[in-house]
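I opened this structure to practise reading a protein from its overall outline down to single side chains. My notes are kept in the order in which I looked things up.

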Amino acid sequence: MARERSGRTARHLVLVARLRHLREGAGLSVPQAATQLGWHPSTLRRLEQAQTSLDVGQVSALLDLYGAGATETDDIMGRLNAANMPGWWHPWRDAMAPWLMDLMSVESAASVVRTWHPALVPLLLRTPAYAMAVDEVMFPERDAAERHRRADFLVERQKRLQEQQTRLWAVLPVTALRCQVGDEEVMREQVRMLQQTAERGDVTMQLHPEYAPPHPLTGVPALSLYRVEIREIADHVVREGGLPGTAEVWDSPHPVQTYQGMLDVSCVMAIRPARTREVLQDEYDRKWA
């Protein structure tokens, strides 16, 4: 039975990638393998795309068909239960857009998350109050309870990333700190939080000065790049900026490498990270000293 919709996990993605590689190594296409097993091709496609849980009987039949050795068969079969377990984010699925549910498996395995926002503090650096104030403008149909739920989920994401020692590298224009989100206390708390975050060794934060020349990300919507060191899971890039709550997600090499190059050049053109705390203090003093 397929598990309740909550997004794929990293363990699940690893196993379906191994099964796909075994099929390719056996010289079989999806239709050919499905025909030999008496399945509809869509059944195998859904399995290989991690759109359904891994059934013991189906996986065993695939391993037999592909001629997997005893050691690999025992290893894959021994990992099925863990791969079918829901991710930590399962209880939070009501607070996520569908595209984010599938991305959480990548985020949970990421070694580095690079993020850019053209006008606001990037999501993963927001305080709960700032995040709720943004939500109130972007999604006016949501009630206070929904906004609090989404903010609580953001806090949990931030905590999990820190616990798994994921490095966060953010770049944003200094003018993003001057966009009035919420009231004065919301903004003061947000800038203070950025000052504290800039002290952490797992966070790199860079700012583009107000009168800087254009850089490759100028005008580009909010962007996140997930670097993953697990061989079976590709790096992903996410670009928001369409209708609220929507995003484009890519895991193919060309868009990932293109946006990585844009981030690299943008960071070279930004104020060096060693000066971030100084700039943040200047911004705080300019408004609240």
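The entries below go from the whole protein to helices, salt bridges and single residues.

**Entry 1: ground rules**

I noted that this is a predicted model, in which local features need pLDDT of at least 70 and side-chain atom pairs count only at pLDDT 80 or more, while totals for chains, interfaces and linings use all residues. Residues are numbered from 1 along each chain as its sequence is written, and side-chain values use heavy atoms, with hydrogens and water left out.

**Entry 2: the whole protein**

I looked up the secondary structure and found twelve helices and six strands; helices (H or I, at least four residues) and strands (E, at least two) are DSSP runs, numbered from the N terminus. Taken along the principal axes, the box filled by the C-alpha atoms is roughly 70 × 40 × 30 Å. Of the 289 residues, 48% count as buried, where buried means under 20% relative accessible area, exposed means over 50%, and partly exposed lies in between, with a 1.4 Å probe and protein chains only. I also looked at contacts, meaning heavy atoms within 4.5 Å: among those with a separation of 6 or more, 74% join residues 24 or more positions apart.

**Entry 3: helices α2 and α3**

Two packed helices are described by the angle between their axes and the distance between the axes. I therefore looked up both values, and the axes of α2 (residues 30-37) and α3 (residues 41-48) come within 8 Å and cross at roughly 115°. Axes here are lines fitted to C-alpha atoms, for helices over the stretch in contact, and angles run from 0 to 180 degrees between N-to-C directions. Which residues make the contact? On the α2 side they are Val30, Pro31, Ala33 and Ala34, and on the α3 side Pro41, Leu44, Arg45 and Glu48. By class, I wrote down six nonpolar, no polar and two charged residues; Ala, Val, Leu, Ile, Met, Phe, Trp, Tyr, Cys and Pro count as nonpolar, Asp, Glu, Lys and Arg as charged, and the others, Gly among them, as polar.

**Entry 4: helix α7**

Helix α7 is largely enclosed by the rest of the structure, because seven of its ten residues are buried. I listed these buried residues as Leu100, Met101, Leu103, Met104, Ser105, Val106 and Glu107. They pack against the helices α1 (10-25) and α9, and against the strands β1 (110-116), β4 (223-228), β5 (236-240) and β6 (247-250).

**Entry 5: salt bridges**

My search of the whole structure gave 23 salt bridges, each being a side-chain nitrogen of Lys or Arg within 4 Å of a carboxyl oxygen of Asp or Glu. Arg149 and Asp94 form one of them, with their closest N and O atoms 3.1 Å apart. Arg149 lies in α9 and Asp94 in the loop between α6 (80-84) and α7 (98-107), so the pair ties together parts that are 55 residues apart in sequence. Arg149 is partly exposed at 27% relative accessibility, whereas Asp94 is exposed at 55%.

I then looked at Arg79 and Asp75, whose side chains meet at 3.0 Å, N to O. Both belong to a network of salt bridges that also links Arg18 and Glu72. For Arg239 and Glu248, the closest N and O atoms are 2.5 Å apart.

**Entry 6: Arg147**

What is the nearest side chain of opposite charge to Arg147, and how many Å away is it? Arg147 sits in α9 (residues 144-163), and it is buried yet has no salt bridge, with Glu136 the nearest such side chain at 4.4 Å. For charge, Lys and Arg count as positive and Asp and Glu as negative, while His and the chain ends are not counted. Leaving aside neighbours within four places in sequence, I found Arg147 in contact with Met132, Asp135, Glu136 and Arg142.

**Entry 7: two residues of α4**

Gln58 is in helix α4 (residues 56-66), and Leu65 is found in α4 too. With neighbours within four places in sequence left aside, Gln58 touches Trp39, Thr43 and Leu47, while Leu65 touches Leu28, Ala33, Gln36 and Leu37. As a last look-up, I noted that Leu65 and Leu280 are 215 residues apart in sequence and 60 Å apart in space, C-alpha to C-alpha.
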